[in-house]
Amino acid sequence: MRNLNLILLIAIIFFSTFSYSIESKNKINSVVAIFSDDGFGSGVLISKDGFILSNWHVIEGSKQLEVLLAQDKHAEVFRKVKVIKFDKSKDLVLLKIIDAPANLNFLSISANYPKVGDEVHAFGHPEGELWSYSKGYLSAHRHNYTAKFINNVDKNIEESFDLFQGDVYQTQTPIFPGNSGGPLLNKFGNLIGINTFTNHGSSLMSFSITNEEIIKFLIN
């Protein structure tokens, strides 16, 4: 695990120095669809070796996990993945594609933090509409934010909650079920967050785990 952390940290530092326009490359090829026992969600490739970042709640309780890559969507080739590490309280999980194909498209993690008012871009699979794109603006950077998720894993418990606590970006980017675990990008096309939850009363009050939390998760 120490070698993995070192490789990921080097990738974060190295690739964050290369910035380019969101329109200059098809970022959606770095997004995967994750299929679990109970449903589906989104994930983002963060290395050419097949490491995937997503939300823990997307895969929690599942015994079998598969992903569909953008390059495989027409042939519907589903690939097995394994769990490398997770942090339930931060709602983050790191997956690895078993027998990953060569030279995968992936996103670099920005070492810079966006500012309120910056444009942001989200990719994912809202309501099963695979490889969808939306755009919005960063509304706030909230520290030590606390949220409760309804836990649907245990069907016998009428009210069960998982507690999230950490730094999040609040955005006006539309997020729906199926977007969870997908990437939030800055205008340069670098990863700045993982889209995680939304205000049930407004689809334009969405929350993404920050790149600072992501970096801490990967190197710890």
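The following conversation concerns a predicted model of one protein chain.

Biologist: What is the average pLDDT of the chain?

Modeller: This is a predicted model, and the chain averages a pLDDT of 86, with 81% of the residues scoring at least 70. Residues 1-20 have a pLDDT below 50, and that stretch makes 29 contacts in the model beyond near neighbours in sequence.

Biologist: On to the fold. Which strands run in the closed barrel, and how do they pair?

Modeller: The barrel has 6 strands in the order β1-β2-β3-β6-β5-β4, and the pairing is antiparallel. From one strand to the next, the twist averages 40 degrees.

Biologist: What packs on that sheet?

Modeller: Helix α3, residues 211-219, packs there and touches β3, β5 and β6. The direction of α3 makes about 60 degrees with that of β6.

Biologist: And how many bridges join β4 to β5?

Modeller: There are 3 bridges between β4 (residues 66-69) and β5 (residues 78-87), and the two strands run antiparallel. As an example, V67 has R79 in β5 as its bridge partner.

Biologist: Back to the helix. Is E213 of α3 buried or exposed?

Modeller: E213 counts as buried because its relative accessibility is 8%, and the cut-off for buried is under 20%.

Biologist: What does E213 touch?

Modeller: Setting aside residues up to four places away in sequence, E213 touches K90, L92, G166 and D167.

Biologist: Now the interior. How many residues does the largest nonpolar core have?

Modeller: That core has 28 residues, and V44, I46, L53, W131, L191, I214 and L218 are those with the most contacts inside it. At least two core residues come from each of β1, β3, β6, β9, β11, β12 and α3.

Biologist: Which element supplies the largest share?

Modeller: Helix α3 does, with 4 residues. There is also a second, separate core of 15 residues, and among its members are I52, I59, L95 and I97.

Biologist: Why would such side chains gather inside?

Modeller: In soluble globular proteins, nonpolar side chains tend to be buried together.

Biologist: One last residue: where is L130?

Modeller: L130 is in the loop between β7 (119-124) and β8 (132-150). With a relative accessible area of 39%, L130 is partly exposed.

Biologist: Which residues is L130 in contact with?

Modeller: Apart from neighbours within four places in sequence, L130 is in contact with A33, L68, G124 and H125. L130 and K73 are 57 residues apart in sequence, and their C-alpha atoms are 9.2 Å apart in space.

Definitions and conventions: Residues numbered from 1 in each chain as written. Predicted model: local features only at pLDDT ≥ 70, side-chain atom pairs only at ≥ 80, totals over all residues. Heavy atoms only, no water. Pairing = 2+ DSSP bridges. Axes fitted to C-alpha atoms, helices over the stretch in contact; angles between N-to-C directions. Contact = heavy atoms within 4.5 Å. pLDDT = per-residue confidence, 0-100. Buried < 20%, exposed > 50% of the residue type's maximum accessible area, 1.4 Å probe, protein only. Core = buried A, V, L, I, M, F, W, Y, C linked by side-chain atoms within 4.5 Å.
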